[in-house]
Amino acid sequence: MKVSIILPIYNGEKYIDLCIKSLLNQTLKNYEIICINDGSTDGSRKILDNYQKKYFDKIKVFHIENSGVWEARNFGIKQARGEYIGFCDCDDCVKPEMYQELYERIKKDGSDMAVCAYKRVDIQTGKLLCCEMKKFGEKVITVQENKDLLPVINTSLWNKLIRRDVVEKHINFTVAPRVAEDMMFLLSVYPFVKKISFFSKPLYIYRVRSDSAMSYIKKEEIPLLKDSMVQTKEYVLKRAGNEWKDVINLFVLIHFGAAVVLKSASGRRKEIITMQKDIQNWMEIKFKGWKQNSYLKLSFVLNGHKYLIKPMLILWMYQTGLFSVFLRLYLCITKLLNIDIKW
């Protein structure tokens, strides 16, 4: 078995038909589709059972109690027989050649992971919003020599193919967070990846929903999110050593210092400012040295690492005490123009 594609489903009856058809239409030979029904209460179970009866040689369906996408994926990983593992979301779809091209690229380059570009499409209108991850072009990197590049790779699992024995080494949470779990998953496996291949062809179609989990973050979710990030830090440092400290701190700056603050569910300025101060205090305590990141020094960024300009500016605003000023300006602009600036 070359590839196992893991597909968690929760109440996806409106979307899974298109998704599964695209997975069945792959040009790759010798692959399997592992569907995990995560306690759906709609018609997903019936749809999945019908697919399994019709394509019993290709599709495996498992029904489990609702426990979230993290546990559904964990369950799927344990069932997988493929040499490599891919992940797909049930409301998205893929190009017919996706897994064959990623698999062949990995084999050609001797890589442990392949990452392809993807399209963001409005699920209601079908309008193309943007095409992302093309900037890496066609290249292969060694992780040990390019650790600073890892935080700017998109953190979703679905546009990647990863060697199974690497995937099996990811961190296991007692209780996983609802958001940012993909980022923590990838951060925990990167130390075991030697080479990554990039493919500039957009092979994955990410269908944007206004009610997706990453559209907002609820205030009551922040404590679990912070606790999970601390666990991830401890997991990585224990297995990979202190040379990964600046990488971890860079992930924290981007995803907590900026993204979590800006994705507050309330949208109320005072609450967001309070949240920003709380997260900053938490970073000071749990991620000591985050303000002195060697990857974000001006000399390093300008010496062929300009993809780090945005996080460097964020760090500079924190260092100078101007981030709260920037945050107020950001909130005024987005409210006035009624726009969502993507982070």
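The dialogue below goes through several features of a predicted model, one at a time.

Q: Where should a reading of the interior begin, and how many cavities of 30 Å³ or more does the structure hold?

A: A cavity is a space where a probe fits but cannot get out. The structure holds one cavity of 30 Å³ or more, and the space in the largest cavity comes to about 30 Å³.

Q: Which residues line the largest cavity, and which elements give two or more residues to its lining?

A: The lining of the largest cavity is made up of Trp70, Arg73, Asn74, Leu157, Glu181, Asp182 and Phe185. Two or more of these residues come from each of the helices α3 (69-79) and α6 (181-189). By character, the lining divides into three nonpolar residues, one polar residue and three charged residues.

Q: Is α6 mostly covered or mostly uncovered?

A: Helix α6 is mostly covered, with nine of its nine residues buried. Among them are Glu181, Asp182 and Phe185, which also belong to the lining of the largest cavity, together with Met183, Met184, Leu186, Leu187, Ser188 and Val189.

Q: How should aromatic pairs be read, and how many are there?

A: Two rings pair if their centres lie within 6.5 Å, and the angle between their planes then decides whether the pair counts as stacked, tilted or edge-to-face. By this rule the structure has 16 aromatic pairs. One of these joins Trp70 and Phe173, with 4.9 Å from centre to centre and 50 degrees between the planes, and the pair is tilted. Because Trp70 lies in helix α3 and Phe173 in the loop between α5 (164-167) and α6, this pair ties together parts that are 103 residues apart in sequence. Trp70 counts as buried at 5% relative accessibility, and Phe173 is buried with a relative accessible area of 5%.

Q: What kind of pair do the rings of Trp158 and Tyr204 form?

A: The ring centres of Trp158 and Tyr204 are 4.7 Å apart and the planes are at 10 degrees, so this pair is stacked. Here too distant parts of the chain are linked, since Trp158 is in the loop between β8 (139-142) and β9 (160-163) while Tyr204 is in strand β10 (residues 195-208), 46 residues apart. Both Trp158 and Tyr204 are buried.

Q: Which residues do ring pairs link into a cluster?

A: Ring pairs link Trp70, Phe87, Phe173 and Phe185 into a cluster. Two members of this cluster, Trp70 and Phe185, are also found in the lining of the largest cavity.

Q: Where does a charge sit over a ring?

A: The reading depends on the place of the charged end relative to the ring centre and the ring normal. The charged end of Lys233 sits over the ring of Phe287, at 5.2 Å from its centre. Lys58 lies over the face of Tyr31, with 3.9 Å to the ring centre.

Q: How many disulfides does a search of the whole structure find?

A: A disulfide is a covalent bond between the sulfur atoms of two cysteines. A search of the whole structure finds zero disulfides. Cys90 is in no disulfide, and the nearest cysteine sulfur, that of Cys19, is 6.6 Å away. For Cys116, the closest cysteine sulfur is in Cys131 at 9.5 Å, which is too far for a bond. Both of the cysteines discussed here are buried: Cys90 has a relative accessible area of 9%, and Cys116 has one of 0%.

Q: What is the phi of Met133, and where does Met133 lie?

A: Most residues other than glycine have a negative phi. Met133 has a positive phi, near 70 degrees, and is not a glycine. Its place is in the loop between β7 (128-132) and β8, where Met133 is buried with a relative accessible area of 9%. Ala180, likewise not a glycine, has a positive phi of about 65 degrees, and its place is in the loop between α5 and α6.

Q: How far apart are the C-alpha atoms of Ile171 and Val236, and of Val261 and Glu132?

A: Separation along the chain and separation in space are to be read side by side. Ile171 and Val236 are 65 residues apart along the chain, and their C-alpha atoms are separated by 8.7 Å. Ile171 has its place in the loop between α5 and α6 and counts as buried at 4% relative accessibility. Val261 and Glu132 are 129 residues apart along the chain, with 23 Å between their C-alpha atoms. Val261 lies in helix α8 (residues 245-262) and counts as buried at 0% relative accessibility.

Technical notes. Residues are numbered from 1 along each chain as its sequence is written. This is a predicted model: local features need pLDDT of at least 70, side-chain atom pairs count only at pLDDT 80 or more; totals for chains, interfaces and linings use all residues. Side-chain values use heavy atoms; hydrogens and water are left out. On a 1 Å grid over the protein atoms alone, a cavity is a set of points where a 1.4 Å probe fits but cannot get out, and a pocket is an open set with protein on both sides within 12 Å along at least five of seven lines; lining residues have an atom within 4 Å of a point. Grid points are joined across faces, edges and corners, and a volume is the space filled by probe spheres set on the points. Helices (H or I, at least four residues) and strands (E, at least two) are DSSP runs, numbered from the N terminus. Ala, Val, Leu, Ile, Met, Phe, Trp, Tyr, Cys and Pro count as nonpolar, Asp, Glu, Lys and Arg as charged, and the others, Gly among them, as polar. Rings of Phe, Tyr and Trp (its six-membered ring) pair if their centres lie within 6.5 Å; planes under 30 degrees apart count as stacked, over 60 as edge-to-face and the rest as tilted. Buried means under 20% relative accessible area, exposed over 50%, partly exposed in between (1.4 Å probe, protein chains only). A charge sits over a ring if NZ of Lys or CZ of Arg is within 6 Å of the ring centre and within 35 degrees of the ring normal. A disulfide is a pair of cysteine sulfur atoms within 2.5 Å.
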